Amino acid sequence: MKTTMTSLTLPLADDLHVHLRQGDVLRTVVPLLRAGGAGRVLVMPNTTPPVTSAGQAVAYRAELRAVAPDVDFLMTLYFTPALTPDEVRRAAAAGVVGIKVYPHGVTTNSASGVEDLLAFGPVLAAMEAADLVLELHGELPAHAGSDVCVLDAEERFLPTLRSLHDRYPRLRIVLEHVTTARAVDAVKSLGATVAATITAHHLDLMIDDWAGKNHNFCKPVAKYPSDRAALRAVVGEGHPRFFLGSDSAPHPRTAKECASACAGVFTSPLLLAYLADTFEGLGALDRLPAFASEFGCRFYRLPPARETIRLVREPQVVPPAYGGVVPYRAGATLNWRIAAA
Ligand code: NCD
Ligand code: ZN
């Protein structure tokens, strides 16, 4: 007989990839992190201007802490061609945990990104020595005249991941927001220092869900049903090198509901509820605590959260907007919610 779970208690989640922005959007989204179930978040540096120095990361962290003192903000720097080994060491000393690579031109605010990562040997060696994590937006940029497109940009980045791991086997590397079966296989095939994050939305979506539907458009784009099946399988099997990084990426409604929409799906406020729905649908609800609260902090060498949250199987409707930002699945009814403390 099949029994239905009606509640699930787990440690506060680690969301190891989130965009928190600046100004009004920051003040809207940062207070919603805990409501979504996250107590510790890895903050992306693609602000304007980007976070490129230890000093900027420390200032940004102070700003975030002032808005949400109950959240632990793990900071990253933006890997630009001007990054130096000295700045890497200063960042590590200031408590920065990682450096994020955006290949030039692949996504929102990536104009400062690098073209050939392997050309930055001294910086990579300094990261390995200081034990900073390299977070990769793993897409090969499409140049004019190249034959790369959004559907194969991730797969074609994988040789770079392999070369990095070969050359710097002790450098911890996270392939962010994986979307393809090929990326899942590649990460599985590499050593213990290589991991991947998976978003809530990529466990649900495929191409047809974002083509013409801007609120589901993000980079990397969701791919084929067979790719989604591979993501679902790897979380269902509870592979310890695949963990939660929501890539929650808020954009004002006007930047999404227009002819040339920004890439990004906003999931922070209801993150654990979305995931509970999805994991339940996969018959893998028992895998959610490790995916959201255990594997990520283990890879980042952080202690597990001490506080817990309780998810209950009670319906809730996703609000139409939070301060002008439309959340993922706005208007839909979710089967799970976080119980009031
Ligand atoms: C992110 C953003 O909006 O900052 N967008 C996205 O589609 N994921 C950038 C990124 O992580 O690619
Ligand atoms: Zn991102």
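Two strands count as paired here if DSSP finds at least two bridges between them, and the strands and helices themselves are DSSP runs (H or I of at least four residues for helices, E of at least two for strands), numbered from the N terminus. This is a predicted model, so local features need pLDDT of at least 70 and side-chain atom pairs count only at pLDDT 80 or more, while totals for chains, interfaces and linings use all residues. Residues are numbered from 1 along each chain as its sequence is written, chains are lettered from A and ligands numbered from 1 in the order in which they are written, and side-chain values use heavy atoms, with hydrogens and water left out.

Let's start with the sheet of 3 strands. It is open, runs in the order S1-S10-S13, and its pairing is antiparallel. Strand S1 (7-11) and strand S13 (337-338) sit at the edges with a single partner strand each, so one side of each has no neighbour in the sheet. S1 joins strand S10 (residues 308-312) through 5 antiparallel bridges, and if you want a register point, Thr9 has Arg310 in S10 as its bridge partner. Helix H11 (residues 271-281) lies across S1, S10 and S13, at about 50 degrees to S10. For angles like that one, axes are lines fitted to C-alpha atoms, for helices over the stretch in contact, and the values run from 0 to 180 degrees between N-to-C directions. Contact, in turn, means heavy atoms within 4.5 Å.

Now for the other sheet. Here 8 strands make an open, parallel arrangement in the order S2-S3-S4-S5-S6-S7-S8-S9. S2 and strand S9 (242-244) are its edge strands, each pairing on one side only, and from one strand to the next the twist averages 30 degrees.

Walk in from the S2 edge. Strand S2 (residues 13-18) pairs with S3 in the parallel sense over 4 bridges, with Asp14 opposite Arg40 in S3. S3 then pairs with strand S4 (residues 72-78), again parallel and over 4 bridges. On that side Arg40 stands opposite Asp72 in S4, and Val41 has Phe73 in S4 as its bridge partner. H3 packs on the sheet here, touching S3 and S4, and its direction makes about 150 degrees with that of S4. One strand further along, S4 and S5 share 3 parallel bridges, and Tyr78 is matched with Lys100 in S5.

How covered are these strands? For strand S3 (residues 38-43), 6 of its 6 residues are buried, where buried means under 20% relative accessible area, exposed means over 50%, and partly exposed is in between (1.4 Å probe, protein chains only). In a regular strand the side chains alternate between the two faces of the sheet. Strand S5 (residues 98-101) is covered on both faces: Gly98 and Lys100 are buried on one side, and Ile99 and Val101 on the other.

Next, the metal. The zinc ion (ligand 2) takes its protein donors from His17 (NE2), His19 (NE2) and Asp247 (OD), at 2.0 to 2.1 Å. Donors are N, O and S atoms within 2.8 Å of the metal (3.2 Å for Na, K and Ca), and since water is not among the atoms, sites may look incomplete. Along the chain, the donors follow the spacing H-x1-H-x227-D. His17 counts as buried at 0% relative accessibility, and His19 is buried too, at 6%.

Why is the site called irregular? The angles among the 4 donor atoms of the zinc ion (ligand 2) span 91 to 143 degrees. Four donors count as tetrahedral if all angles lie between 85 and 135 degrees; four count as square planar and six as octahedral if opposite donors are over 155 degrees apart and all others between 65 and 115; anything else is irregular.

Finally, some backbone details worth checking on screen. Thr48 and Pro49 are joined by a cis peptide bond with omega about -5 degrees, and Pro49 is in the loop between S3 and helix H3 (54-67). Another cis bond runs from Lys219 to Pro220, with omega near -10 degrees. Asp131 is not a glycine, yet has a positive phi of about 65 degrees; Asp131 belongs to the loop between helix H5 (121-130) and strand S6 (133-136) and is partly exposed at 32%. Arg329, not a glycine either, has a positive phi of about 60 degrees and is partly exposed at 31%.
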